[in-house]
Amino acid sequence: MSLTVTDKALVKDFFAKAASKAEDIGNEALSRTLVVYPQTKIYFSHWKDLSPGSEPVRKHGKVVMGGLLSAVGMIDDLTTGLLSLSELHAYMLRVDPGNFKILSHNILVVLAMLFPVDFNPETHVAVDKFLQLVSLALAEKYR
């Protein structure tokens with residue numbers, strides 16, 4: 001799968017609009033991930049509070065969205081651009097790469113909630129493809 005020129009433009013335009021709400025998006029997406037998929041809590045067992053909207057959840061959600069916004073700038077070569085994050089998640093954090101897809105799904109849900117007009121079907125498809133490619137790039141070092 002690849003992104004077309006139109007897909008890339010849609011992703012860049014959409015995330016330029018969404019960037020101002022990055023912390024809220026990250027918080028809500030990670031909160032939903034931890035509640036709906038409780039098995040993901042294992043990676044955050046060192047946090048004192050895993051409840052939705054807690055300080056550590058907000059903080060990590062912001063980190064996740066910062067990485068995602070950086071990935072938009074690397075859209076032409078995500079595998080190379082996200083190599084250090086792939087190594088971190090594979091070798092140090094040992095995150096099951098299936099969790100990238102789970103978090104991506106929750107990001108899509110939150111984007112649809114927060115941007116009902118801008119997140120039209122064409123943008124939805126482009127962002128979904130982009131998130132799938134980000135997940136693949138993050139899983140690169142698992143192979």
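Select F130 to begin. Leaving aside residues up to four places away in sequence, F130 touches L3, V11, F15, L68, A71, V72, I75 and L78. Show these eight side chains together with F130 and keep them on screen. Note that the model in the viewer is predicted.

**The core around F130**

Next, add L111 and V127 to the selection. F15, L111, V127 and F130 are the residues that touch the most other members of the largest nonpolar core, which has 32 residues. Now colour the helices that supply this core. Two or more of its residues come from each of α1 (5-18), α2 (22-36), α3 (55-73), α6 (98-114) and α7 (121-138). Which element gives the most to this core? Select α7 to see the answer: α7 contributes eight residues. As general background, nonpolar side chains in soluble globular proteins tend to be buried together.

**A second core**

Hide the first group and select L30, L34, W47 and V57. These belong to a second core, separate from the first, with five residues in total.

**A residue in a loop**

Keep L34 visible and select T40. T40 lies in the loop that runs between α2 and α3. Is T40 buried or exposed? T40 has a relative accessibility of 3%, and buried means under 20%, so T40 counts as buried. Show its neighbours next. Apart from residues up to four places away in sequence, T40 touches T33, L34 and N99. L34 therefore appears at two stops of this tour: as one of the residues of the second core and as a contact of T40.

**The whole chain**

Clear the selection and switch to a cartoon view. Seven helices and zero strands make up the count for the protein chain, and the order along the sequence reads α-α-α-α-α-α-α. Turn the model slowly: the C-alpha trace spans about 45 × 35 × 20 Å along its principal axes. The radius of gyration is 14 Å, which agrees with the value near 15 Å that a compact globule of 143 residues would have.

Among contacts with a separation of 6 or more, 77% join residues that are 24 or more positions apart.

**The surface**

Finally, turn on the surface display. The accessible surface comes to about 7,800 Å², and carbon and sulfur atoms account for 58% of that. Of the 143 residues, 40% count as buried. For a last view, colour the charged residues. There are 15 positive and 15 negative charges, and their mean positions are 4 Å apart.

Key. Residues are numbered from 1 along each chain as its sequence is written. This is a predicted model: local features need pLDDT of at least 70, side-chain atom pairs count only at pLDDT 80 or more; totals for chains, interfaces and linings use all residues. Side-chain values use heavy atoms; hydrogens and water are left out. Helices (H or I, at least four residues) and strands (E, at least two) are DSSP runs, numbered from the N terminus. The radius of gyration is taken over C-alpha atoms; the globule rule is 2.2 Å times the number of residues to the power 0.38. Buried means under 20% relative accessible area, exposed over 50%, partly exposed in between (1.4 Å probe, protein chains only). Contact means heavy atoms within 4.5 Å. Accessible areas come from the Shrake-Rupley method with a 1.4 Å probe; for residues, only the protein chains shown count as cover. Lys and Arg count as positive and Asp and Glu as negative; His and the chain ends are not counted. The place of a charge is taken as NZ of Lys, CZ of Arg, CG of Asp or CD of Glu. A nonpolar core is a set of buried Ala, Val, Leu, Ile, Met, Phe, Trp, Tyr and Cys residues joined through side-chain atoms within 4.5 Å.
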